Amino acid sequence: MAIAKAERLMNLALCLLGTRRPLSKRELRDSIEAYVEAFGPGNGASGSDDSFNRMFERDKDDLRELGLVIETVESLDGEIGYMARRDSNRLPPITLDAEEAAALGLAAKVWQQARLAGAASGALQKLRAAGLPEDVDPYGSHGALEPRIPVHEAAFEPLMLACRDRRPVAFDYRKAAAAHPEQRHVEPWALECWRGHWYLAGWDRDRGAERVFRLSRITGKVRSRGGRYTADVPDVVTVRETVASWAGEIADRSARIRLRAGAGYPLRAKATSVRELGDGWDELEIPYGHGLDAWLVEFGPDVVVLEPAELRADVVDRLRAVAKG
């Protein structure tokens, strides 16, 4: 069935790309073998006409979803025709250097465990066909630590689509200290991954304020709701800053770390003091609060915790867990 549909779509695309004038539904029905076999010629019964019209509309939408620009043209006698002009469906030359291609490949690898893996792989295939350098392997190794964004929550995909389409949603949400979930009505703005967890930022209609929700605490299905947004969507949504403040990530002491020279600029920006140690290392004193161990692990071998001992132990435990997979 999948092969038959792919062949039908390809034949329809070739017809639309190959014609010099708009083709009517009847002409397309008589020209494509799959339509003729399924519904007969264009002067068939009304029942077959209705079935063909539904299939044709689905096929047309599928081709547009794949990126084909299909024009709808009305003739002088009122007949509707379709065509795909070659100049409208031709990409300009794409020139990517090795660094740009590696960045795209790295971004695609990030989504290997997520629902977007297929879309990312398809995008790279299109870029390869359009001129991605042949000597660059976008899936090649880029270091000992491989970045990935795991997506295990069932709420991710419907919320991602709701953010894209600006569509209000409702879901049952259990707060960290709550025994039972409660229903929330939200206008979703953005999704962001922070410290290995996905968060949704949006406007909570019930509370009349901006809120951030952790996807792993959403229970049941995400349900779409009609109507438009009632609150303005901000240009910048600070998901990480909001989550950090709500998580109690307020520094109440200091930690000393060794940091490789030229690395860890976010850590340097937060440091209260920096001292050169030589041999390519610096010593930093940074604020120590909840979640610092998870953040330090992100810098891999460029960071060594000196004190306190409990922070060093937490970082070592996290690195061992990563090494075990």
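The following paragraphs describe an antiparallel sheet, the helix packed on it, and a buried arginine in a predicted model.

The sheet is open and consists of 5 strands, arranged in the order β6-β5-β4-β3-β7 with antiparallel pairing. The edge positions are taken by β6 (209-214) and β7 (218-224); each has a single partner strand, so one side of each is left without a neighbour in the sheet. On average, and with direction ignored, neighbouring strands are turned by 45° against each other.

Pairing within the sheet can be followed strand by strand. Strand β3, residues 169-173, is joined to β7 in the antiparallel sense by 4 bridges. In this pair, Val 169 lies opposite Ser 224 of β7. The antiparallel pairing of β4 and β5 extends over 8 bridges, and that of β5 and β6 over 6 bridges. Tyr 199 takes part on both sides of β5: this residue is the bridge partner of Glu 192, and Tyr 199 is also bridged to Arg 214 in β6. Strand β5 is mostly covered, with 6 of its 8 residues buried. In the hairpin formed by β5 and β6, 4 residues separate the strands, and Gly 208 adopts a positive phi near 60°.

Helix α7 (residues 156-165) packs on this sheet and touches β3, β4 (182-194), β5 (197-204) and β7. The direction of α7 makes an angle of about 85° with that of β4. Four named positions account for the buried part of the helix, namely Phe 156, Leu 159, Ala 162 and Cys 163. Viewed down the axis of α7, these buried residues fall within an arc of 130°, so they line one face of the helix. The buried residues of α7 are also the ones that pack against β3, β4, β5 and β7. After the helix comes Arg 166, which has a positive phi near 55°.

A further buried position occurs in helix α1, which spans residues 2-18 and contains Arg 8. The relative accessibility of Arg 8 is 12%, and the residue therefore counts as buried, the cut-off being under 20%. With residues up to four places away in sequence not counted, Arg 8 is in contact with Ala 34, Tyr 35, Met 55 and Asp 59.

Note on methods. Residues numbered from 1 in each chain as written. Predicted model: local features only at pLDDT ≥ 70, side-chain atom pairs only at ≥ 80, totals over all residues. Heavy atoms only, no water. Pairing = 2+ DSSP bridges. Helix = DSSP H or I, 4+ residues; strand = E, 2+ residues; numbered from the N terminus. Axes fitted to C-alpha atoms, helices over the stretch in contact; angles between N-to-C directions. Contact = heavy atoms within 4.5 Å. Buried < 20%, exposed > 50% of the residue type's maximum accessible area, 1.4 Å probe, protein only. Arc of directions from axis to C-beta.
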